Amino acid sequence: MSRTLKLRWLLLGEFFGSFGNSFIWPLTTIYMHNQLHQSLTISGIILMLYSGFNVLGSYVAGIRFDHHDPRRMMIGGLIGAIGVMGILVKYNSWPYYPILLILFGFFNGWIITILNAFGTQLVGQKSRFVFNMLYFTNNLGVVFGTMVAGPLYQLNGNRVSILFAITIGMYFIYLLIVRRFFILTSIPLQSEKHKVVGPRASLPNNNGYSIWMLFISIAIIWVTYSQWSSNFSVYMTGQGISMMKYSLLWTINGVLIVVFQPIITWLTRRITNDYWLVYFGVLMFIFSFVILMLSHTYLMFVLGMGILTLGEITVFPTIPAIVNLLTPANVKGRYQGLLNAWISIGKALGPLIGGMMIQIFSYQGLFLFCTGSLGLVALSIMSVRLISKNTMQKF
């Protein structure tokens, strides 16, 4: 397959997409709670529905990528997202805000899946390097986005119209990049031997077991991670810490990802077993929640975020790379779509589970729940890996 798309254009599109998203996701829970006067449980339900549509967009896009023109699909998704955000600029009160946010979730899942699927098709690039760079670029956009979003939100009287207008601008630049540079010069015909006839066509059984364990694991990891970007904002502001400082926490997260990236790149070149990166990352997630249980000052929250960052930069780019290595070429788009769908499931359930845990127990109970869940994830991945490692095939 001859493809003229270069990694740099893929990364530039990812940057503008993540920059635009940074004006939406960090403020969603606190905007619904403080400005639209909805409970944490209601906010969690809305975010669950948002992620549910994200799942739908991811799954449909993953299936279609293997059989249709990906460039046209990406353009359609971006135009849809821009249209929804255009309406949100004017109509962002209740109930318009949650309805339009949910619809945006479909297009966002669509766009992310197509971008990741493009990443599996780059010629002459190792998948782990591609996904590491995509994750790095995504968080570089987060650095700049959150650096502006929180202060602008406060300076604009806690109104979101200007934030959504900036998102439209970022997505429009993304659209121009896709139209100009996301070009496929030829698409091969599938042989009868590898023709896709179902969601697991051409996929060895043991590869499938490992992939599905990774799907479930990344969903659980995102259930825990989403607490930082949803319920945790209310937890911090409830302790007298300003929204600007909460936003700064995510800026610190992005800066640390940039700082840690050379170290991670060095490690990935020397660690041949990708699973060790996953184990290390999950362990860092666990430590971050242990610190939260002991935190009472902003400095401790910063420390927890630093450890969380070590976890995410090893887990989140490595799991897509492993899935890519375990899937044949003719179904890579499908399984990247399924992976993003499971990520969205985790994002969907996270705020809702967190809100319910807080109301029934407490924030401490939530942190303990996250710690235990992550421990089970590490043990489960390790067990499946040990059982099937000698019979898995790599593609």
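In this predicted model, a good place to start is Leu49, which has a relative accessible area of 37% and is therefore partly exposed, since that class lies between the limit of 20% for buried residues and the limit of 50% for exposed ones. Leu49 belongs to helix H3, which covers residues 40-65, and on the surface Leu49 joins Ile42, Ile45 and Trp94 in a nonpolar patch whose members together offer about 300 Å² of accessible area.

Trp94, a member of that patch, leads to a further feature, for the peptide bond that joins Trp94 to Pro95 is cis, with an omega of about 5 degrees. Most peptide bonds, by contrast, are trans. Pro95 itself is placed in the loop that runs between helix H4 (70-90) and helix H5 (96-120).

Helix H4 also holds Met73, and here the surroundings can be described in some detail. With a relative accessible area of 6%, Met73 is buried, and, when residues up to four places away in sequence are set aside, Met73 touches Ala61, Arg64, Phe65, His68, Trp110 and Ile114. Ile358, on the other hand, stands 285 residues from Met73 in sequence, and the C-alpha atoms of the two are 40 Å apart in space.

Charged side chains come next. Side chains of opposite charge can pair when their charged atoms come close. The model contains one salt bridge by the rule applied here, and in the pair formed by Asp69 and Arg72 the closest N and O atoms are 3.7 Å apart, which falls within the 4 Å that the rule allows. The two partners fall into separate classes of accessibility, because Asp69, at 31%, counts as partly exposed, whereas Arg72, at 65%, is exposed.

Another acidic residue, Asp274, lies in helix H11, which spans residues 274-294, and its relative accessibility of 9% means that Asp274 counts as buried. Apart from neighbours within four places in sequence, Asp274 is in contact with Arg128, Thr318, Ile322 and Leu325.

Finally, a pair of helices can be followed together. Two packed helices are described by the angle between their axes and the distance between the axes. For helix H8 (residues 205-229) and helix H9 (residues 231-238), the axes come within 4 Å and cross at roughly 40 degrees, so H8 is oblique to H9. On the H8 side the contact is made by Ser226, Gln227, Trp228 and Ser229, and on the H9 side by Asn231, Phe232 and Ser233.

Note on methods:
Residues are numbered from 1 along each chain as its sequence is written. This is a predicted model: local features need pLDDT of at least 70, side-chain atom pairs count only at pLDDT 80 or more; totals for chains, interfaces and linings use all residues. Side-chain values use heavy atoms; hydrogens and water are left out. Patches are made of residues with over 30% relative accessible area and no salt bridge: like charges are joined within 9 Å, nonpolar side chains (Val, Leu, Ile, Met, Phe, Trp, Tyr) within 5 Å. Accessible areas come from the Shrake-Rupley method with a 1.4 Å probe; for residues, only the protein chains shown count as cover. A salt bridge is a side-chain nitrogen of Lys or Arg within 4 Å of a carboxyl oxygen of Asp or Glu. Helices (H or I, at least four residues) and strands (E, at least two) are DSSP runs, numbered from the N terminus. Buried means under 20% relative accessible area, exposed over 50%, partly exposed in between (1.4 Å probe, protein chains only). Axes are lines fitted to C-alpha atoms, for helices over the stretch in contact, and angles run from 0 to 180 degrees between N-to-C directions. Angles under 35 degrees count as roughly parallel, over 145 as roughly antiparallel, 65 to 115 as roughly perpendicular and the rest as oblique. Contact means heavy atoms within 4.5 Å.
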